Amino acid sequence: MAEVRELLALATGRLAAAGIDSARVDAELLLAALLDVSRTRLLSHDRVTAPVAERYERVVARRVAREPLQHITGQAPFRNLVLAVGPGVFVPRPETELLVDAVLPELAQQAAPFVVDLCSGSGALALAIADEVPDARVAAVERSLAAARWLARNADGTRVQVVTGDIRDPQLLRPWYGRADVVVSNPPYVPAATEVAPEVHADPAEAVFAGVDGLDLMAMVISRAALLLRPGGLLAVEHDETQRDAVPALLSADGHFTEIIDHPDLSGRARFATARRYAVQR
Ligand SMILES: C[S@@+](CC[C@H](N)C(=O)[O-])C[C@H]1O[C@@H](n2cnc3c(N)ncnc32)[C@H](O)[C@@H]1O
């Protein structure tokens with residue numbers, strides 16, 4: 001048997017030495033996942049068996065090598081959900097949860113709203129909205145076949161409709177033009193030369209990077225949203241912190257949006273923009 005307290009202290013030291021800021025939390029989450037208990041329930045365990053301690057040693061070594069925590073546990077928490085993730089799909093980030101907060105008041109005002117999530121990845125936004133707005137109809141659009149497999153797995157048994165395809169395809173979403181009440185999107189937006197944490201390299205590059213300024217797909221997301229939204233419908237789109245002026249400028253240049261507002265995340269960094277489709281055709 002091995003003492004949980006000692007195992008956690010040793011693992012925390014190794015993870016911190018590997019440059020992981022959240023070393024203690026990661027150490028606890030890795031052990032909790034092995035024992036299949038919540039992080040808070042971990043504290044009620046004094047000792048673990050030798051085979052568990054050995055398995056723990058192996059998963060800590062993977063994390064020391066900077067494999068994402070979520071790839072090791074196979075899970076990513078997002079709002080009230082736990083999503084299945086792994087190689088081939090972008091790991092949903094906590095800051096993206098803000099996009100859901102941004103559209104919930106809008107969705108609360110409508111009966112059976114229709115929501116489209118462009119560039120859906122694991123389905124984080126689509127699934128959270130379907131979970132929190134029980135009468136919403138939600139579609140999730142994703143191009144990568146690998147990501148779409150994770151999306152389909154996460155959406156299984158939910159009301160989320162998965163569409164596998166490229167948002168640049170002019171035919172793909174045509175049947176829904178003018179019908180969406182809300183469009184959400186967290187597209188790839190990181191400028192190509194940005195230095196990123198080692199874990200980010202485990203995300204598919206096409207999920208993260210979008211050309212020199214990170215804006216390669218942004219105008220397309222905006223123009224597709226303009227076509228999908230009914231007059232008065234709302235778009236919420238995440239962006240890089242360097243794009244606080246560029247994304248509102250693209251929304252303005254598109255010519256279909258009003259009430260263009262850029263929003264910071266909890267640490268004050270520019271994080272997403274919202275805009276309303278003009279109620280009158282212009
Ligand atoms: C930053 S990830 C976001 C995933 C998810 N929305 C989230 O917040 O966790 C961007 C996603 O857009 C997808 N993507 C990139 N280009 C696309 C395109 N042209 N059409 C549809 N999806 C695309 C990528 O495969 C990736 O899954």
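Here are a few friendly notes on this predicted model, covering the ligand site, two backbone details and three helix pairs.

1. Let me begin with the ligand. Its surroundings consist of 19 residues, and the closest of these are Cys119, Glu142, Asp166, Asn186 and Ala207. Sorted by class, the shell contains 8 nonpolar residues, 6 polar ones and 5 charged ones.

2. Three polar contacts are worth a look on screen. A polar backbone atom of Cys119 sits 2.9 Å from a nitrogen atom of the ligand. Asp166 brings a polar side-chain atom to 2.8 Å from a nitrogen atom of the ligand. With Asn186, the partner is an oxygen atom of the ligand, which is 2.8 Å from an N or O atom in the Asn186 side chain. As for cover, the ligand on its own has 600 Å² of accessible area, and the protein covers 98% of that.

3. Please give Cys119 a second glance, this time for its backbone. Phi of Cys119 is positive, at about 70 degrees, although the residue is not a glycine. Cys119 belongs to the loop that runs between strand 5 (114-118) and helix 7 (124-132). So that you can view these details together: Cys119 is also among the closest residues to the ligand, and its contact there is made through a polar backbone atom.

4. Arg66 deserves a similar check. Its phi is near 70 degrees, again a positive value in a residue other than glycine. You will find Arg66 in the loop between helix 4 and helix 5 (69-73).

5. Helix 4 leads on to the helix packing. Helix 4 (residues 50-64) packs against helix 2 (residues 23-35) with the axes 10 Å apart and an angle of about 135 degrees. That angle makes helix 2 oblique to helix 4. The two helices cross in a right-handed sense.

6. What is the angle between helix 6 and helix 7? Helix 6 (residues 97-108) packs on helix 7 at about 40 degrees, and their axes are 11 Å apart. Helix 6 and helix 7 are therefore oblique to each other, and their crossing is right-handed. Helix 7 also borders the loop that holds Cys119, which may help you find your way from this pair back to the ligand site.

7. The remaining pair is helix 10 (residues 218-228) with helix 11 (residues 246-254). Their axes come within 10 Å and cross at roughly 45 degrees. This pair is therefore oblique as well. Is the crossing left-handed or right-handed? Helix 10 passes helix 11 in a right-handed manner.

How values were computed
Residues numbered from 1 in each chain as written. Predicted model: local features only at pLDDT ≥ 70, side-chain atom pairs only at ≥ 80, totals over all residues. Heavy atoms only, no water. Near = heavy atom within 4 Å. Polar contact = N/O pair within 3.5 Å; in protein donor to acceptor, adjacent residues only side chain to side chain. Areas by Shrake-Rupley, 256 points an atom, 1.4 Å probe, with all protein chains shown as cover. Nonpolar A, V, L, I, M, F, W, Y, C, P; charged D, E, K, R; others polar. Axes fitted to C-alpha atoms, helices over the stretch in contact; angles between N-to-C directions. Helix = DSSP H or I, 4+ residues; strand = E, 2+ residues; numbered from the N terminus. Parallel < 35°, antiparallel > 145°, perpendicular 65-115°, else oblique. Left-handed = near helix turned anticlockwise from the far one by under 90°.
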